[in-house]
Amino acid sequence: MKISRLAALFFLLSPGPSPAAAQPWFSDVAPGLEISSVPCQTPYWADLDADGWPDAVLHRTHGGPGASVFMNRPVRDGRAFTDFTAEAAINAHPSLSTAAAPGSFLAFADADNDGDLDVFRGRYCEFEKPRADPKTGETMKGEDGSVLYERPDDGLRSEILLNDGSGRFSFPAGAPSAFAPETAVSAAFLDYDNDGLLDLVVGSWYKEYGVSFISYPSRLYRGLGGGRFADMTMPAGLLTYPSEGRPDSSRPVYGVSHCDWDNDGLQDILLAVYGRQANRLWRNNGDGGFTDMAPASGFDGDGIRHGRYPGWVKRETEKEWRSHGNTFSAPCADYDNDGDMDVFLGEITHGWAGEASDRSSLLENLGPDKGFAFRRRAEAMPRVHASTTNWNQGDMRATWADFDNDGRLDLLLSSGDYPDGQFLRLFRQSAPGRFEDATEKAGFGWESSAGISVADYDGDGDLDILAGKSWMRMPADRRHGPFPRAALFRNDIGSRNNWLHVRLEGAGPGGAPRSAIGSRVIVRTRGLSQTREVSSSRGHGSQSDDLRLHFGLGKARLADIEIRWGGKESRVSRFYGVPANRFVRVAEGAAGPELSPSPAPGF
């Protein structure tokens, strides 16, 4: 139906609805679903039965660690979730079928290339921290003079669990754990050697938290197939050492992410480092080795490194190596649509820590002409504090997504663990490179937000949000319900524009991994080119989103798609004139894509 020019002019000049009448962009529909029946700090969307619908995995620390699995199923009026935790056996002991051994975090990917999502169950093994006498602070010893430790070694380790295709997990037959008993806190799957087998990076934390700054090394494990891995940390040049303040010292890593930072078709490793120490950006050299490019690129920290505290804070000045940030997440994305990967750094910061403590910042990749160095934009996402001195920012998780399908990526920022205005926040990219705080318009009101994960759970073409809750430092009168539950924020605004979902299936060994992690997709419409990469993790606790890539198209009805399998320009698929508002599945080597309309992806 067409409208007259006069009517169109009247529409443009007429005032919009008043703020009071405006409907929020998102609605929390979790209270009516079974996912609200369990605690949740860190949620994950993962299509465990490969039916095209993302399932919900809710990890908890409240009441002890563990995970609950809810399968996404059809009901008469939409989608609902069915508890599948017992059948999934995601908390199972590796040798005792009746015992539990829940992980500290989870990372999902197709580790054995059979077409379904397996899981790395990371475990926080803090077995080398000595017990301190509460009165003297001295290390406690037993009668025989041996050191006593706070946590005895229970023999359990981080593990790979393989999926049988239905969402049921078991341990690889005859494959003992290859993973070291260290304080693992995050991990990411990637294919660093482009052999079609997924590899794994595990980020480790302090060895003796509160006692020293000594940390465990973060490790690289090469995929051997069948869910088996071998430690390649030393051959790859990634082995760091138990020392303090040196370039080769191990650092407490809180988040692991990966992307092709320098556009050479190889996946690089980004380590988000805690404890005011410098971040690491391990550039993939292409010969099996890596080089830390964080200092040269500006990824290590901002330029303020004097370490001084404000005059009213009675602390000694920090050394230069302790004058960076408390970084938790480093999600990569081409936010400015110029063809290279930018990064947002989510930091915990305090007013009392002074200007040398890094703020959460957008790192804009300046591309090949500037050596892929970053321009730091701490002001890009504006923040306002009630106090000029006594404030906190608990920005521990962040992810990029186009929530309104306008072709520009928005930033979802999850803040928590402090009782002074920590919320789930949405920064909408309202114009190229310009962000507005749209949290109020979004309608979240989600205080002390924890983990986040993004997917189109209901198949309607826009991205929805699972958000966990933290009660850390929350006053009792602001703790609602019997436990911290997850929210499911259904997107009610994205349908105003067109979109595409793209799911890739790699060929496996010799091609891209089956889950296509590391592959790059470029979607072009008239006047706009968008670049996305398939990635497994974006930061703290292996925070991740659905592996399908989502593209907002604005008003465009057709799009051209270019796929670089494994990120390589030598292995490219191109498809032209793909209609909008479709779920697109592409297998490596296929002559064309499969298309499915909303609201039934079918794959």
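These are my notebook entries on the cavities, the pockets and one sheet of this structure.

**Entry 1: starting point**

I am working from a predicted model. I began with the enclosed spaces, and I found five cavities of 30 Å³ or more in the structure.

**Entry 2: the largest cavity**

I looked up the volume of the largest cavity and got about 350 Å³. Its lining is made of 28 residues. Which of them lie nearest the centre? I noted Trp400, Arg532, Arg538, Asp545 and Leu549.

Next I asked which elements give two or more residues to this lining. My list runs β14 (253-259), β19 (332-333), β23 (392-401), β27 (449-455), β32 (528-533) and β34 (549-554). I also sorted the lining of the largest cavity by class, and it came out as 12 nonpolar, seven polar and nine charged residues.

**Entry 3: the second largest cavity**

Here I read a volume of about 120 Å³ for the second largest cavity. I counted 15 residues in its lining, and those closest to the centre are Ser218, Leu238, Leu271, Arg280 and Trp282. The elements with two or more residues in this lining are β12 (219-225), β15 (268-273) and β16 (280-284).

Which element gives the most to the lining of the second largest cavity? I found that β15 does, with three residues. By class, I have nine nonpolar, three polar and three charged residues around the second largest cavity.

**Entry 4: the largest pocket**

I then turned to the open spaces. The largest pocket has a volume of about 1300 Å³. I found 45 residues lining it, and I wrote down Tyr254, Phe328, Asp417, Met472 and His540 as the ones nearest its centre.

Two or more residues of this lining come from each of β2 (42-46), β10 (184-190), β18 (326-329), β20 (342-350) and β23. I was pleased to meet β23 again, as this strand also gives two or more residues to the lining of the largest cavity. My class count for the largest pocket is 24 nonpolar, 15 polar and six charged residues.

**Entry 5: the second largest pocket**

For the second largest pocket I noted a volume of about 380 Å³. Of its 25 lining residues, Asp47, Leu117, Arg503, Ser515 and Leu547 are the closest to the centre. I saw that β2 and β30 (498-505) each supply at least two residues of this lining. The most comes from β30, which gives three residues.

How do the residues of this lining divide by class? I got 11 nonpolar, five polar and nine charged residues for the second largest pocket.

**Entry 6: following β2 into its sheet**

β2 had turned up in the lining of the largest pocket and in that of the second largest pocket, and I wanted to see where this strand sits. I found β2 in an open sheet of four strands, in the order β2-β3-β4-β5, with antiparallel pairing. Which strands are at the edges? They are β2 and β5 (78-83), and each pairs on one side only. I read an average twist of 25° from one strand to the next.

A reminder I left in the margin: strands of a sheet pair through backbone hydrogen bonds, either parallel or antiparallel.

Last, I looked at how β2 meets its partner. β2 and β3 (residues 55-60) pair in the antiparallel sense over five bridges. I picked out Trp45 and found that its bridge partner in β3 is Ala56.

Technical notes. Residues numbered from 1 in each chain as written. Predicted model: local features only at pLDDT ≥ 70, side-chain atom pairs only at ≥ 80, totals over all residues. Heavy atoms only, no water. 1 Å grid on protein atoms, 1.4 Å probe; cavity = no way out; pocket = protein on both sides within 12 Å on 5 of 7 lines; lining within 4 Å. Points joined across faces, edges and corners; volume = space filled by probe spheres on them. Nonpolar A, V, L, I, M, F, W, Y, C, P; charged D, E, K, R; others polar. Pairing = 2+ DSSP bridges. Axes fitted to C-alpha atoms, helices over the stretch in contact; angles between N-to-C directions.
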